[in-house]
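Got your viewer open? Load the model and let's walk through it together, from the whole chain down to a single residue.

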Amino acid sequence: ELVHPLKHEIESNDLLRLHWGNLVSDRWTIGDFELANGSKVIARGLDQNMRGLKFLNMRPDLVILDDVEKDEELMNSRLRDELKQNLDNEVIKGIDNVCGTVIAVGTIIHPDSLIAAISRPTGREEKYSIFKPLFFGALDAEEKSIWEDRFTTEKLLEERRLDPYSFAQERMNEPIPFESGMFRRSDFRYF
């Protein structure tokens with residue numbers, strides 16, 4: 001399931017084929033595949049062991065972390081810490097130490113999340129200085145959509161008006177955790 005979209009692009013994208021040639025090989029399985037150029041793609045969850053992973057005596061040289069955090073995990077500080085430990089111990093130490101690259105893509109759902117920890121422009125731990133943070137909010141400094149064809153400025157401003165907390169998190173990468181608000185869900189009693 002994780003590698004299916006990649007396989008589909010390699011099989012059907014004419015621009016990829018024009019630039020890189022035919023990369024399809026006969027070594028395609030559900031969880032991984034080899035390309036005709038000798039590269040291998042392996043799908044793993046962040047909670048799966050990467051220690052010792054090799055292909056033809058080579059450690060992974062590219063790891064892409066895509067939306068590895070789940071909302072419910074981020075509400076628990078112990079689970080947030082475990083996710084960071086998995087990145088530190090499994091991913092960063094498991095890649096090729098000469099040319100290994102880790103790319104993390106995701107929405108900052110909580111200020112103490114893994115994505116926030118590795119992408120803080122200031123105040124981040126030195127071990128995460130290997131990451132070059134790039135932030136994209138749906139609205140630029142002039143409050144114009146950065147992708148007008150997909151999300152019009154008018155639609156984004158209306159979305160922000162209707163639900164500023166969700167908009168800050170999902171569209172601007174500036175989450176406001178519920179636990180830091182003036183009122184917490186636990187403060188309310190229902191009768």
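Accessible area here is worked out by the Shrake-Rupley method with a 1.4 Å probe. Turn on the surface of this predicted model: it comes to about 13800 Å², and carbon and sulfur atoms own 53% of that. Buried residues, for their part, make up 29% of the 191 in the chain.

Now switch to cartoon view. You should find 7 helices and 4 strands, and if you trace them along the sequence the pattern reads α-α-β-β-β-α-α-β-α-α-α. Show just the C-alpha atoms, and they fill a box of roughly 60 × 40 × 40 Å along the principal axes.

Next, colour by pLDDT. The chain averages 86, with 92% of its residues at 70 or more. Select residues 153–162, helix α6, for the highest confidence, at a mean of 97. Then jump to residues 71–74, helix α3, where confidence is lowest, at 85.

Want to see charges? Pick out the 26 positive and 36 negative ones; their mean positions lie 4 Å apart.

Time to zoom in. Select residues 62–66, which form strand β3, and click on Val63 there. Is Val63 buried or exposed? Its relative accessible area is 10%, and the cut-off for buried is under 20%, so Val63 counts as buried.

What does Val63 touch, leaving out residues up to four places away in sequence? Show Met50, Val91, Ile95, Thr101, Val102 and Ile103 as sticks, and you have its contacts. Finish by drawing a distance from Val63 to Ile95: they're 32 residues apart along the chain, yet their C-alpha atoms are separated by 7.7 Å.

Methods: Residues are numbered from 1 along each chain as its sequence is written. This is a predicted model: local features need pLDDT of at least 70, side-chain atom pairs count only at pLDDT 80 or more; totals for chains, interfaces and linings use all residues. Side-chain values use heavy atoms; hydrogens and water are left out. Helices (H or I, at least four residues) and strands (E, at least two) are DSSP runs, numbered from the N terminus. Buried means under 20% relative accessible area, exposed over 50%, partly exposed in between (1.4 Å probe, protein chains only). Lys and Arg count as positive and Asp and Glu as negative; His and the chain ends are not counted. The place of a charge is taken as NZ of Lys, CZ of Arg, CG of Asp or CD of Glu. pLDDT is the predictor's confidence in each residue, from 0 to 100. Contact means heavy atoms within 4.5 Å.
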